[in-house]
Amino acid sequence: MTMKGLYFQQSSTSEEVTFVFRDRENLPVTEDNYVKLQVKACALSQINTKLLAEMKMEKEFFPVGREVAGIVLDVGSKVSFFQPDDEVVGILPLDSEDPGLCEAVRVHEHYLVHKPEKVTWTEAAGTIRDGLRAYTALHYLSHLSPGKSVLIMDGASALGTIAIQLAHHRGAKVISTACSLEDKQFLERFRPPIARVIDVSNGKAHVTDSCLEEMGGLGVDIVLDAGVRLYSKDDEPAEKLQLLPHKHDIITLLGVGGHWVTTEENLQLDPPDSHCLFLKGAAVAFLNDEVWNLSNVQQGKYLCILKDVMEKLSTGVFRPQLDEPIPLYEAKVTMEVVQKNQGRKKQVVQF
């Protein structure tokens with residue numbers, strides 16, 4: 001018996017990525033701590049090809065789809081947390097040989113948690129990774145607590161939506177940027193309301209001035225960016241100029257003892273930048289949600305986060321921004337859009 005799975009193939013001469021369906025043999029008998037899972041939904045996220053190259057994990061065909069929800073079909077002899085017919089959700093590790101975009105996968109039990117009964121398959125798969133990222137950024141990297149002020153860039157994105165909801169749940173004051181009029185209207189409908197929505201789509205609003213005005217000149221406690229400008233106007237693409245703040249703007253709007261959580265993996269700070277951060281006693285942290293998969297010693301914390309994300313989803317604290325579910329045969333085309341970062345809502349394939 002064969003199944004079709006989605007893989008990507010990277011050109012050796014360029015960074016162009018091609019997605020292809022390939023036949024797979026039926027999965028072998030489940031052994032040890034592995035679980036055989038019937039996939040019911042799989043969310044789509046960008047593939048970090050540079051990270052795979054750095055980790056020496058490149059291969060001719062790389063499996064696609066890691067955020068999965070499904071039903072346990074079979075368990076290995078050493079599995080202690082799950083049994084057949086359990087409903088589970090999790091994120092396949094970077095080195096998984098199975099694509100989540102397939103009818104069935106094998107996964108180690110330590111990458112899965114139980115899915116609450118109230119949560120749908122698409123909600124579970126579509127929230128698990130952004131929930132992990134938001135939790136990592138606001139809980140572990142910036143120590144969010146009641147009364148703190150948080151600036152979340154591009155709050156209408158899939159990550160931004162969950163981050164705003166987590167910040168509100170923790171009793172924080174939230175400020176957010178909007179990249180379009182539609183995003184601004186979406187953010188203004190949040191309950192509890194966002195303290196200020198800064199529309200950066202027309203290039204007129206200045207993030208620094210707006211934040212300092214909102215905070216009485218004291219700055220914000222936490223900033224979660226969605227990318228930053230590192231260079232002068234002449235060296236940046238036009239679209240990046242318009243929507244992203246410069247690194248100096250973020251440093252300026254940070255308050256004393258503030259935390260800047262950045263998604264910019266190549267952030268460059270000059271000595272004057274570092275000196276300004278030193279004077280404020282501020283800190284910079286890098287949001288890399290893959291860090292949990294790259295270090296086995298943190299497995300207990302990782303599972304606690306996944307469980308908490310599912311609990312908040314089941315109680316309505318998290319309300320993800322999902323697009324309409326798509327069938328498997330549309331996954332190739334949709335993944336091409338996701339890889340180019342052209343989508344706004346989270347895309348989920350439903351089986």
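How many ångströms should the 16 residues of helix 10 span at 1.5 Å a residue, and how far apart are its end C-alpha atoms? The expected span is 22 Å and the end C-alpha atoms of helix 10 (residues 299-314) are 23 Å apart, which agrees. The model described here is predicted.

## Helices 10 and 2

Several residues of helix 10 are buried, among them Gln 299, Tyr 302, Leu 303, Ile 305 and Leu 306. Further along helix 10, Asp 308, Val 309, Met 310, Lys 312 and Leu 313 are buried as well. After helix 10 comes Gly 316, which has a positive phi, near 85°.

The length of helix 2 (residues 121-140) can be treated in the same way. With 20 residues at 1.5 Å a residue, helix 2 should span 28 Å, and its end C-alpha atoms lie 27 Å apart, which agrees. Helix 2 has a kink of about 35°, and the kink is centred on Thr 127. Because 16 of its 20 residues are buried, helix 2 is largely enclosed by the rest of the structure.

## The sheet

Six strands form an open sheet in the order 11-10-9-12-13-14, and their pairing is parallel. At the edges are strand 11 (196-199) and strand 14 (283-286), each of which pairs on one side only. From one strand to the next, the twist averages 15°.

Pairs of neighbouring strands can be followed through their bridges. Strand 9 and strand 12 run parallel and are joined by three bridges. Here Val 150 stands opposite Ile 222 of strand 12. Strand 12 is in turn joined to strand 13 by four bridges, again in the parallel sense, and Val 220 stands opposite Leu 254 of strand 13. Strand 13 (residues 254-262) pairs with strand 14 over four bridges, also parallel. The bridge partner of Trp 260 is Val 284 in strand 14.

In a regular strand, side chains alternate between the two faces of the sheet.

Strand 12 is largely enclosed by the rest of the structure, because four of its five residues are buried. Helix 5 (residues 207-214) lies across strand 9 (149-152), strand 10, strand 11 and strand 12 (220-224). The direction of helix 5 is at about 165° to strand 11.

## Four buried residues

Is Val 220 buried or exposed? Val 220 counts as buried because its relative accessibility is 0%. This residue is located in strand 12. Its C-alpha atom is separated by 5.3 Å from that of Ser 149, although the two residues are 71 residues apart along the chain. Beyond residues up to four places away in sequence, Val 220 touches Ser 149, Leu 151, Ile 175, Cys 211, Met 215, Leu 253, Leu 254 and Gly 255.

Three other residues, each with a side chain that makes a polar contact, are set out below.

| Residue | Relative accessible area | Partner of the side chain and distance |
|---|---|---|
| Ser 176 | 0% | backbone oxygen of Ile 152, 3.0 Å |
| Thr 177 | 4% | backbone nitrogen of Asp 154, 2.7 Å |
| Thr 161 | 1% | side chain of Gln 321, 3.3 Å |

Ser 176 is in strand 10 (residues 173-178), and Thr 177 also lies in strand 10. Not counting residues up to four places away in sequence, the residues that Ser 176 touches include Leu 151, Ile 152, Asp 154, Gly 155 and Leu 187. Ser 176 further touches Ile 164, Ile 194, Arg 196, Val 197 and Ile 198. With its neighbours within four places left aside, Thr 177 is in contact with residues including Leu 151, Ile 152, Met 153, Asp 154 and Gly 155. Other contacts of Thr 177 are Leu 187, Ile 198, Val 200 and Val 207.

Thr 161 belongs to helix 3 (residues 158-169). Which residues does Thr 161 touch, not counting those up to four places away in sequence? They are Gly 155, Ala 156, Phe 186, Phe 190, Arg 319 and Gln 321. The last of these, Gln 321, is joined to Thr 161 by the polar contact of 3.3 Å between their side chains. Thr 161 and Pro 320 are 159 residues apart in sequence, yet their C-alpha atoms are 6.8 Å apart in space.

Definitions and conventions. Residues are numbered from 1 along each chain as its sequence is written. This is a predicted model: local features need pLDDT of at least 70, side-chain atom pairs count only at pLDDT 80 or more; totals for chains, interfaces and linings use all residues. Side-chain values use heavy atoms; hydrogens and water are left out. Helices (H or I, at least four residues) and strands (E, at least two) are DSSP runs, numbered from the N terminus. Buried means under 20% relative accessible area, exposed over 50%, partly exposed in between (1.4 Å probe, protein chains only). A polar contact is a pair of N or O atoms within 3.5 Å; within protein, one must be able to donate a hydrogen and the other to accept it, and residues adjacent in sequence count only if both atoms are side-chain atoms. Contact means heavy atoms within 4.5 Å. Two strands pair if DSSP finds at least two bridges between them. Axes are lines fitted to C-alpha atoms, for helices over the stretch in contact, and angles run from 0 to 180 degrees between N-to-C directions. The expected span of a helix is 1.5 Å times one less than its number of residues. The bend at a residue is the angle between axes fitted to the seven residues ending there and the seven starting there.
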